[in-house]
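Please look through the sequence and the model below, and then follow the paragraphs that walk through its helix contacts, its core and one loop position.

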Amino acid sequence: MKCFSSVCLNKLSELISLDVSHNKIGQLGLKYLFENGLQFCRKISKLHLSAIGLQDKGIRYLINGIQQSCPKLTELNLSKNYMNSGQLLEFCKSKMLCRQNLRYLDLSHNELNLIVMKSLIPNIRPSLIVLNLYNSPIS
């Protein structure tokens, strides 16, 4: 995790896009990323976290981290984390979808169900122009 250290990322204050997809950083790596690095990168508009191994607490670290460190976020990719319906429901109820500037959200390859969909749809802002739910069995 040295690459996510505050010493490293504070030099990247102009960073607008970060992709750590397909790196099994897991929930502790995600917590570390937000607490020790991304607070210096407040201009990030694109955050790709596909297939990073999110687990139960990881979704909370994600929600808190984005709310505190990513005010300009327009694109969020959470695909292939195979999040369960409880994690997705927590995400939907967190006001993440109410962010005025969120335009792209990828939740493909996660475990959606009708309860999650009922929470997801009413919380989507009109500014969202891409919602990817591919290969997320909605049952």
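Which residues in α2 meet which residues in α3? In this predicted model, the α2 side of the contact is formed by Gln27, Leu30, Lys31 and Phe34, and the residues they meet in α3 are Asp56, Lys57, Gly58, Tyr61, Leu62, Gly65, Ile66 and Ser69. Sorted by class, the contact of α2 with α3 comprises five nonpolar, four polar and three charged residues. The axes of α2 and α3 come within 8 Å and cross at roughly 15°; since angles under 35 degrees count as roughly parallel, α2 and α3 are therefore roughly parallel to each other. The crossing of these two helices, α2 and α3, is left-handed.

A second helix pair can be read in the same manner. The axes of α4 and α5 lie 9 Å apart, and the two helices pack at an angle of about 20°, so that α4 and α5, too, are roughly parallel to each other. The crossing in which α4 passes α5 is left-handed. From α4, the residues Ser85, Leu88, Leu89 and Cys92 meet Ile115, Val116, Ser119, Leu120 and Asn123 in α5, and the residues of this contact of α4 with α5 divide into six nonpolar, three polar and no charged.

The helices of both pairs also appear in the description of the core. The largest nonpolar core has 37 residues, and those with the most contacts inside it are Leu76 and Phe91. Two or more residues of this core are given by each of the elements α2 (26-36), α3 (56-69), α4 (85-92) and α5 (114-123). With neighbours within four places in sequence left aside, Leu76 is in contact with Leu47, Leu49, Ile66, Phe91, Met96, Leu102, Tyr104, Leu105 and Asp106; among these partners of Leu76 is Ile66, a residue that also takes part in the contact of α3 with α2.

Ile66 leads on to one further position, Pro71, which it touches. Pro71 is placed in the loop between α3 and β3 (75-77). Is Pro71 buried, exposed or partly exposed? Its relative accessible area is 38%, and because buried means under 20% and exposed over 50%, Pro71 is partly exposed. Not counting residues up to four places away in sequence, Pro71 touches Arg42, Ile66, Arg99 and Asn101. By contrast, the C-alpha atoms of Pro71 and Leu28, 43 residues apart along the chain, are separated by 22 Å.

Technical notes: Residues are numbered from 1 along each chain as its sequence is written. This is a predicted model: local features need pLDDT of at least 70, side-chain atom pairs count only at pLDDT 80 or more; totals for chains, interfaces and linings use all residues. Side-chain values use heavy atoms; hydrogens and water are left out. A nonpolar core is a set of buried Ala, Val, Leu, Ile, Met, Phe, Trp, Tyr and Cys residues joined through side-chain atoms within 4.5 Å. Buried means under 20% relative accessible area, exposed over 50%, partly exposed in between (1.4 Å probe, protein chains only). Helices (H or I, at least four residues) and strands (E, at least two) are DSSP runs, numbered from the N terminus. Contact means heavy atoms within 4.5 Å. Axes are lines fitted to C-alpha atoms, for helices over the stretch in contact, and angles run from 0 to 180 degrees between N-to-C directions. Angles under 35 degrees count as roughly parallel, over 145 as roughly antiparallel, 65 to 115 as roughly perpendicular and the rest as oblique. A crossing is left-handed if the near helix is turned anticlockwise from the far one by less than a right angle, and right-handed if clockwise. Ala, Val, Leu, Ile, Met, Phe, Trp, Tyr, Cys and Pro count as nonpolar, Asp, Glu, Lys and Arg as charged, and the others, Gly among them, as polar.
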